[in-house]
Amino acid sequence: MAEPLKNQFGADVPRAIAAMVQAVYPAFQSEAFVRSALDGYDALALMPRGMKIAQALRQYLPEDYAQAATILMDSLHQPHGRDMGQSLASFLFLPHTQFVSTYGLAHFDISMQAQHALTQRFTAEFSIRPFLEQHPEATLQQLTRWASDPSPHVRRLVSEGSRPRLPWAPRLRSFQKDPAPVLALLELLKDDPALYVRRSVANNLNDIGKDHPELLAQTAQRWLQDASAERRWIVGHALRSAVKRGESAALQVLGFGAAAQVTITGAHITPERSRIGGSVDIAFAVHNPLSTPQRVLVDFCVHYVKASGQTKPKVFKLKTVELAGGATVRLGKCLSLAEMSTRKHYPGLHTVEVLLNGQAQPLGAFEVVPA
C-alpha cells in the first residue's frame, strides 16, 4: 500500500517555516509557533495540516495583515532544508497560500502580490478561488493581466485557478452557470508556448463542457480553424470526457459524427468468472465490409457493479483505426480487477460494450466473484 501523502508533510514542515520566518523577522517566536502548529497535528490529513500551520502563523506573525504577508513573502527566499526530491516538496508553501486565502480577502493588492510569488513555488490555484468569489471583477482583471506574464506558472494559474470544477476544491458555481468570463481567459492562453499551460487550458475547457456541452463543441470547432498542432491537441484533450459520454456534437467536431458501418466479430471475454484482484481479457475484431476506407473511433465500456448493486459505466479509450475496404483489425485490453484508491470492485455481473464513433454495441459480460 502506498505511503499516505501526509507523511511527507510532517513535523519538519512547521520547523522549516519557523526558521525561514525568523531569518527575516527575528522577533518571531519560533518555538511557540512550532508547539502551536504541532498540537493535534498527527491526527490531521494533508490539507488540514496546512491550515493548522496557517492558523499558527496568524497567531505569531504581526496582527497587521500587510506586515505579516510581507514577512512571509520575504521568507520565501530563505533556505529550508527540505528534500526537493520528495513528491510533496513544494507543499512546504501550502500553509502560505492558505494564510493568504483565509486572512487576506480584505487586502486585495498585497494578496495578489503574494499569489504571484507563491504560485511560482507551489500553486495558488486553490487560494485564488475565494478572491474570484468575493472580488470577481478585480480578480478577473488581475488574471487577464497575468495571462501574458513571463512565468508559465503564473499563466497556468490563470487557467487552473478559474476551472469551474477544479479537483480538491469547491466548485465555482457562478462560472458553472456562466462560463463566459473563463472562456475569455482561455482565449488568451489557447496558443500558449508552454505545454504545462496548454494542458491546463484543455482541462478547464473540459470542465466547462460538463455543464455546457454545446458551448464546448462550438468553442472546439472555432479553435480548430487555422489551428496549429498544439492547439489541435488542446481541442482533442478538452473533448475527451464528451467523447467518452458519446456526445454527438463533440464527436462531430472530431469527424466521427456518422455511425460507423462496421461489424464486430470474434468477441472474447475471458475468463467468464474472475475473482477480485484478478484480471479479464477483452478482445474483438472490427471489420469494414465496405469497399471504401473508414476511420473509426473505437472505445469500450464496462458497466461496473457498485456497492448498492446498481451499475455505473466507465469508458476506456482504445484507438482510432483506419480501416481499408474489406480490412479487419483485432483489438483488446487486459482489464485489471485489482483494488485501487480510485476504484473498488464488487461481486456481480459486469456487462461490456464496444463504442464505435460513440455508439454502443454489446460485447458480452463477465462475473466478478469475491477474492
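**Figure 1. Residues lining the largest pocket of the predicted model.** Arg163, Arg165, Pro167, Asn206, Asp207, Lys210, Arg240, Ser241, Lys244 and Arg245 form the lining of the largest pocket in this predicted model. Two elements, helix H12 (195-211) and helix H15 (240-244), give two or more residues each to this lining. The volume of the largest pocket is about 320 Å³. Sorted by class, its lining holds 7 charged residues, 2 polar residues and 1 nonpolar residue. Pro167 is the nonpolar member, while Asn206 and Ser241 are the polar ones.

**Figure 2. The second largest pocket and its lining.** The second largest pocket encloses about 270 Å³ of space. Its lining is made up of 14 residues, of which Tyr304, Lys312, Pro313, Lys314 and Val315 are the closest to the pocket centre. At least two lining residues come from each of strand E4 (294-305) and strand E5 (311-323). Strand E5 provides the largest share of the lining, with 4 residues. In terms of class, the lining of the second largest pocket comprises 6 charged, 5 nonpolar and 3 polar residues.

**Figure 3. Buried residues of helix H4 and the helices around them.** Helix H4 spans residues 65-75, and its buried residues are Tyr65, Ala68, Ala69, Ile71, Leu72, Met73 and Ser75. Burial here refers to a relative accessible area under 20%. Four helices pack against the buried residues of H4. Two of these partners are helix H1 (12-24) and helix H3 (46-60); the others are helix H5 (94-103) and helix H6 (108-118).

**Figure 4. The open sheet of strands E1, E3 and E6.** Three strands make up an open sheet, in which the order is E1-E3-E6 and the pairing is antiparallel. Strand E1 (263-270) and strand E6 (328-336) are the edge strands, each of them pairing on one side only. From one strand to the next, the twist averages 15°. In general, the strands of a sheet pair through backbone hydrogen bonds, in either a parallel or an antiparallel manner.

**Figure 5. Pairing of strand E3 with strand E6.** Strand E3 covers residues 279-287 and is joined to E6 by 9 bridges. The two strands run antiparallel. Within this pairing, Val286 is placed opposite Val329 of E6. E6 is also one of the two edge strands of the sheet shown in the preceding view.

Definitions and conventions. Residues numbered from 1 in each chain as written. Predicted model: local features only at pLDDT ≥ 70, side-chain atom pairs only at ≥ 80, totals over all residues. Heavy atoms only, no water. 1 Å grid on protein atoms, 1.4 Å probe; cavity = no way out; pocket = protein on both sides within 12 Å on 5 of 7 lines; lining within 4 Å. Points joined across faces, edges and corners; volume = space filled by probe spheres on them. Buried < 20%, exposed > 50% of the residue type's maximum accessible area, 1.4 Å probe, protein only. Contact = heavy atoms within 4.5 Å. Pairing = 2+ DSSP bridges. Axes fitted to C-alpha atoms, helices over the stretch in contact; angles between N-to-C directions.
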